[in-house]
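Work through the exercises below with the sequence and the model at hand. Each task is followed by a stepwise solution.

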Amino acid sequence: MNIRLPQLTALLLMATTIAAQDEKHAHSWWHDGFPGVVKDAPWWRCTETPDYSLVVNTETCELLHLSSGLLPDNVEAWKPATLQMQIIANGEPYHLTGTSGWSKTSGPRMISTGRFLQREDITGLTFTNAEGEPLPADIRLESAAWQDRLRLSLACRPLPKPLSYGPSFGSRQGGQIVGTGHKETIAAENWQHRGAFSLDFQIYLPIALAADDKKPDNVGWIVCKGRNEQSKGHFGIVRRHNGDLQLTVNPQGGAENVKRQVVPARLVPAGKWHKIEIVASQSLIFRINGTDVIGQTLSKAELRLLEKPDQLTFGGRGDGFVIGSKMRFGLDEVSLTKGQHQFYNSFDADGFAAGVQPFHDLKITDMILSMTNGKGKKSTGTFDHTITSWGERMTSLDVPIAELSKPAPLGSVAVKAKSFASETEKTTLPVTIDQATSALWIDASTAPWQSHPNNHSPADQTRPIEISLTNKRDAEVTAPLVIELSDQALSKQGLSPVTGIVGFWEDEDGTPNAHPVQISKNWHRSQSATPACASVYEGVWCHAISQIKLAPRETKKLRFRFVAGNWQGKPAVSLSQLSLIGWGVNQRWDQAALGAQGETICFEPDQIHRDATIMDVRAFQVPAKSGIKDSALWTPNVGGGDLWRIYDAEGARILHRGMRTTYRAHGPAFVETVYSGFIGHALQQTNRIILFQEGELARIRFSLRLDVLEDTEVSRFAVFQLGSEDYAQVGSRSFAIGDSQEKPRVFQASSAQKELRFPFRRNKGYACLTESYFLKASNNIPSDRAVLLHRWDSNRSDLSPALISRPLSDDEAHHRIFEIGSQRAIKKLTKGDFLEVDLDLLLLPSDVSQYLGDDAELRQLLKDHPDSSALTEALFRRGSFKIVSHRGKLLQRHPFVHVVPKQGAQELEIDVADFVGMLPIRFSGLDDGEALQIAIDGAVADGVMRQWVDPGVLAKGATDSGRDLMLLIQIEKKDRVVTVVGP
């Protein structure tokens, strides 16, 4: 018989919205939403662990609350603490007097966050002396909140001196600082001879640290021929906000004839002198440090126009227009050769010139960081006289938390780590105690990559590590552990970009085990030249973070493995918190990947960048550009979208607030993340994001729930959105909707200035957006998108699903966005209402011939269904399988099959009908998953992917098990019986 999904699942999903009830996880969130988005929201950053809670005012660095236990809902019940900070520099004290506030690169930043460690800082602190003079330093306050301990660190490094105008800075003996109204020119009369010409000069791009970015002096014109870029015969160079150099050329003149080409910032980092050459002979060549970076093909007539005499201006435009031009830079050794004539200026200034940008001379003798709790107890940190790799000096304070026992010193745990290319070839890895994180730090950067014995593809890259931890005390110890892959390990691995790296603890046979891990990454880098000049924590790194409990005098021997790209012959899945330091807007950003060819989908629950939850979305194993069939390249972004986009009665967007993130599984076979919080104050949302290692077609599964806490008037209501008013990359000229019992209905995307609703005929179905195109002209290849709606359940009979098409904006009616919403316009949500929706987002090749992967089954599926609508229908039918649970309780079918054995049993059996493909089954309540036997129709199943996952509140509502086992089982024929038998 068929067993219907019980309402128990709805109740369990509601429980996950109260993330703090999950005692195993730590969380960090903005109290009332991100203040840069939610009007009048306070800059209160909250942290909650299983043992204590903390609230920091990031505008003032005040500790508004610090206490054991969960964070009280009532602000009046908070327990504040007082933080004192002082820096003794050049013989006098400096005290905190302000912060720079939040900007794209400064203010409160998120470094690492997840289950175990919330690592954040506040940059741009201002310290002044008694006379009110500021300390010329880059100062920040960092917090490392582990589940059972909290460390605060005050860090300081000198700022670079500003570049002053005049002959004081050169590549050799002289030099000139130009820009922002101070210009150097070469007059038109120096263009006297006809024929080819060359211009070369040395430039020094200034260093701009985060604390100084409000006056960056690093954007604007470097050189400009003529009045501006619209002048006839113009060429020039502009430095853009992201550090790129832009070459402009305009032989003909006029705004419509400007040609622009970009040189990436990595070729011209700040803090160094660069030789720039512009050579016009048979073409126009742009050369940096002796290497040709751009070749602009021009006709002889166009080249003659470029040779026309006109003024050259360094540090601005020839017409003197300086608004918005902030470029200040070092200029030296200017040489202009035209025919037989040469103009040369070395700016020699009596030899008084610096070769590098000088920093302020700070003699820091002490940094004081102390805290007084509400009971008057004071604790003081320890000043470290050594200088870190970032050029910082630091004072760190282990914060005592009332009613909690003091964690054991990290020195009480002895750690040994080895990487191994084989069981006989092992290399010892360095282990240190990191001051800022208060953690045992294993540097795995030198560990060799290898192919795993179970892997079937040469692209399967793994990095295995043996770790031994010994508790030297007679009491239990919890060891905070960070395993790091740094730039050294990642930037040189052609098959192992950080985008697809995931790490896990494993058993001796290589199977991922139940021990949880937190994965945090970064790959962004600003344009500063050296770590001493760059933003702290920018660059390429991957951190695997765990806490290991050790009994008195116990020694544990563990194995950890990093995987990049593939796992056991299929593209691995991963979802990690991605730090954006070095790029900007350093708040929560989650990046999910299928394989290691770039981002598959990105989420931003606080909706900071573009007022949307779903950010960049990219298909897998399809070409990036026309004529380039390279599956290793990032595919173009077809993203933008949202969850629960709801507007109030006046038409204003109801913003998302208080969003918490719970990472239940990072990969390599299964990913699950929960975003929970509010829409306004009266609506509560819980969104589960799930990916499986199920082939080479990008599929992201969503399980969404909305609960209405108070009556709410609404004017617009969307559950799921593809493209948003603020972030849309791709349009669709047609679309199809249908279900397993009807032929698809095909429509043309209308340009009518109104919304159009197309109802699903049942509470399930599919919608496919076809004939895709980029909203802005591009030679990239767009992907089609499809939504499979598996379940729609509500207490309201008038709330049934529809596909809604609406214009992107009043000015762009021909561009449409698509939503899954209600068939009828909803005007009011009533207290007690709920809606649950299970759906999949699919990214499809717009042409089946574009598929570049090796999955034979998928290739055949694409061949049998050559257009996206037919392919979507086939995939939807696959998901409409039948299940009968004989032994065990069936909790759900989507987004995965979830089964719990009957009480006292260790055997499960389910019938699967009308299904072929990879079937995800999750089992709860099994005592010994390692000894499980999995059979299909009585025969032992081969190639079953196994991964333990954190059950969280969901599984605890159904079983006392502390862990769940996810199985990915390949079903090759219809109507199979899957049996799972315990030991």
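The exercises cover cavities, cysteines and one sheet of this predicted model.

**Exercise 1.** Determine how many cavities of 30 Å³ or more the structure holds, and describe the largest.

Solution.
- Step 1. The count of cavities of 30 Å³ or more is 13.
- Step 2. The largest cavity encloses about 80 Å³.
- Step 3. Its lining is made up of 13 residues, and those closest to the centre are Gln597, Gly598, Ala619, Phe620 and Thr635.
- Step 4. Sorted by class, the lining comprises five nonpolar, six polar and two charged residues.

**Exercise 2.** Are Cys224 and Cys768 buried or exposed, and how many disulfides does the structure hold?

Solution.
- Step 1. The cut-off for buried is under 20% relative accessible area.
- Step 2. Cys224 has a relative accessible area of 0%, so Cys224 is buried.
- Step 3. Cys768 also has a relative accessible area of 0% and is therefore buried.
- Step 4. The number of disulfides in the structure is zero.

**Exercise 3.** For the open sheet that contains S9 and S26, give the strand order, the edges and the pairing of S5 with S6.

Solution.
- Step 1. The sheet has five strands, ordered S9-S6-S5-S25-S26, with antiparallel pairing.
- Step 2. Strand S9 (125-128) and strand S26 (378-380) are the edge strands, each pairing on one side only.
- Step 3. On average, neighbouring strands of this sheet are turned by 30° against each other, direction ignored.
- Step 4. Within the sheet, S5 (residues 82-89) and S6 (residues 92-99) are joined by four bridges in the antiparallel sense.
- Step 5. Ala89 lies opposite Glu92 in S6.

Note on methods:
Residues numbered from 1 in each chain as written. Predicted model: local features only at pLDDT ≥ 70, side-chain atom pairs only at ≥ 80, totals over all residues. Heavy atoms only, no water. 1 Å grid on protein atoms, 1.4 Å probe; cavity = no way out; pocket = protein on both sides within 12 Å on 5 of 7 lines; lining within 4 Å. Points joined across faces, edges and corners; volume = space filled by probe spheres on them. Nonpolar A, V, L, I, M, F, W, Y, C, P; charged D, E, K, R; others polar. Disulfide = S-S within 2.5 Å. Buried < 20%, exposed > 50% of the residue type's maximum accessible area, 1.4 Å probe, protein only. Pairing = 2+ DSSP bridges. Helix = DSSP H or I, 4+ residues; strand = E, 2+ residues; numbered from the N terminus. Axes fitted to C-alpha atoms, helices over the stretch in contact; angles between N-to-C directions.
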